Structures are given as C-alpha cells and as structure tokens.
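Got your viewer open? Let's take a walk through this one, stop by stop, with something to select each time.

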Amino acid sequence: GRRALAVACHAGRWDEIEAVVAKFQQAAQRLKYGLVPTVAAVRGMALGGSCEFIMHCDRTVAALESYPGLVEVGVGLLPAGGGCKEFAVRAAQEVARGANGGQADHFPFLRASFQTIAMATVAKSALEAKALGFLKDADVVVMHPHEILHVAIGQARAMADSGYRPPLPPVGIPVAGRTGIATLEMMLVNMREGGFITAYDFEVALAIARVLCGGDVDAGSTVDERWLVELERAEFM
C-alpha cells in the first residue's frame, strides 16, 4: 500500500511506482468500459482516487452531502488515476454537444477544469459536484443517505435490464495543444510572480495543463484516450 510506495520512492524504484499508477488507471478504465454497468454509491468524502473511480463509473448515486474532489495537488502531485484524462475528454465532448453557444472552443471548459484540479477543489455538495464536473448530469442525487444503496442497486438493475452496452472509446478527441498550454502557463506565471503560488506549485499546475491540453501537439490536433492516459502517467512520473 502507501508504505510500500514510499519505500519504492526512497529507493528510486520508479518502474515499480509507474506500474502501480498504470494498474490504477487500468482499473478506472475497466469501470468505464466493462461489459456490466458500474454504479458508484457515494456519501461523505470521496477524495483523490475515490473521486477518479466515481468519474469512470457509468452512473453515480450520491447523497446530497457528498464531497468529491481531486486533492492530489495538496501533496505536490497531479491526479493520475484518470482524473485529468477524464476532464480532457469531457471538455471535448462538451464542445461536440454544441455547448458554449456552439463555439468550438475548448478553453472555457479547460480553464474551469484546470482551476478545479489545480486548486484541489472539493465539492461542498453533490449538486456542486455536478457543476464542477465530478458527477455527470444523469447521476442521481438522493436526499436521504440511507436510501443510497437501494437506489444504486435499482439503477444497476435498470441499466442491465435495458440491454446495457459499454460506451465506445472516444476517437479523434480534439485538444488545445501547445496554444492551450501557453495560455494556462501565462496565467500561472502571473500567479507565481504575484506570490500566490510557489515555484513547485507552478511546476505541478503546468504538468496538469499539459495533460488537459493533450501535450506537445498543435492546437486542434486529435488524439485518442490512450494517448491522454499515457500522457497523464508520464506527467505524474
């Protein structure tokens, strides 16, 4: 567990650490693309990897008093269990759905996602978690916490009974590339020079920006999900 990871860090066994990260990413992807519906039942805190698992389930049933968040920045890391990747995919999907007044512009979505991750934002309720993008619009918010499991089981059965098929992996995901990275970097430089973030905060946030924008490619380039998963893991390492 965590102690073994710490020992591997001190010993410089980076290949072992990368293998652990890859295994976590694979688990999240299997939640998303498994042949059976996956439903998360959530109450209270759901931080870091827990939040990433929620983001990869087909459906979430959450108590109103649920507090998801990607908090890895607080310990000097970027989320690498699929959290950054998933926000990049969702930004492209929002544009494809004609959001933002039909403008094919990634940046409003990417900037909001970037701020959410880089500031280690934790939602104050399940409704705010929807607004922040941790939960999907179709996810169910339950007022009475003792009903969560009952409702979650009902959701899973209904999805299975309706002939559930896993989603197709997205292809041709448009990314903001170098232009998006440069825009976010300019914002970070101002924050660093103004004393609002440290030099290391700057490095971590810039790594997050690179993943959200799809890496060192031209603006408007298209990538697949595997590219984003591997980029996320590389930036974590």
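Start with a helix crossing: select H4 and H10 in this predicted model, and you'll see that they cross in a right-handed way. H4 covers residues 83-96 and H10 covers residues 225-236. The two pack at an angle of about 145 degrees, and their axes sit 8 Å apart.

Now show side chains where the two helices touch. On the H4 side, pick Gly83, Cys84, Lys85, Glu86, Ala88 and Val89. Facing them from H10 are Glu225, Leu228, Val229 and Glu232. Colour this contact by residue class and you get five nonpolar, one polar and four charged residues.

Keep Lys85, Glu225 and Val229 on screen and add Gln29, which is in contact with these three and with His56, leaving aside its neighbours within four places in sequence. Gln29 belongs to helix H2. Is Gln29 buried or exposed? Gln29 counts as buried because its relative accessible area is 18%, and the cut-off for buried is under 20%.

Next stop, the pockets. Turn on a surface and find the largest pocket, with a volume of about 790 Å³. To centre your view, select Leu5, Val21, Glu72, Leu77 and Phe236: of the 22 lining residues, these are the closest to the pocket's centre. Then highlight H1 (2-11), H2 (14-33) and H3 (49-56), the elements that each give two or more residues to this lining. Which helix gives the most? That's H2, with five residues. By class, the lining of the largest pocket splits into 15 nonpolar, four polar and three charged residues.

Now move to the second largest pocket, at about 620 Å³. Select Arg90, Gln93, Glu94, Arg97 and Lys136, which lie nearest its centre among the 30 residues of the lining. Light up H2, H3, H4, H5 (107-118) and H6 (126-132) too, since you're here: each supplies at least two lining residues. H4, the helix you began with in the crossing with H10, gives the most to this second lining, with six residues.

Finish by colouring the lining of the second largest pocket by class. How many charged residues does it have? There are ten, alongside 15 nonpolar and five polar ones. For a last look, flip back to the lining of the largest pocket, where three residues are charged.

Technical notes: Residues are numbered from 1 along each chain as its sequence is written. This is a predicted model: local features need pLDDT of at least 70, side-chain atom pairs count only at pLDDT 80 or more; totals for chains, interfaces and linings use all residues. Side-chain values use heavy atoms; hydrogens and water are left out. Axes are lines fitted to C-alpha atoms, for helices over the stretch in contact, and angles run from 0 to 180 degrees between N-to-C directions. Helices (H or I, at least four residues) and strands (E, at least two) are DSSP runs, numbered from the N terminus. A crossing is left-handed if the near helix is turned anticlockwise from the far one by less than a right angle, and right-handed if clockwise. Contact means heavy atoms within 4.5 Å. Ala, Val, Leu, Ile, Met, Phe, Trp, Tyr, Cys and Pro count as nonpolar, Asp, Glu, Lys and Arg as charged, and the others, Gly among them, as polar. On a 1 Å grid over the protein atoms alone, a cavity is a set of points where a 1.4 Å probe fits but cannot get out, and a pocket is an open set with protein on both sides within 12 Å along at least five of seven lines; lining residues have an atom within 4 Å of a point. Grid points are joined across faces, edges and corners, and a volume is the space filled by probe spheres set on the points. Buried means under 20% relative accessible area, exposed over 50%, partly exposed in between (1.4 Å probe, protein chains only).
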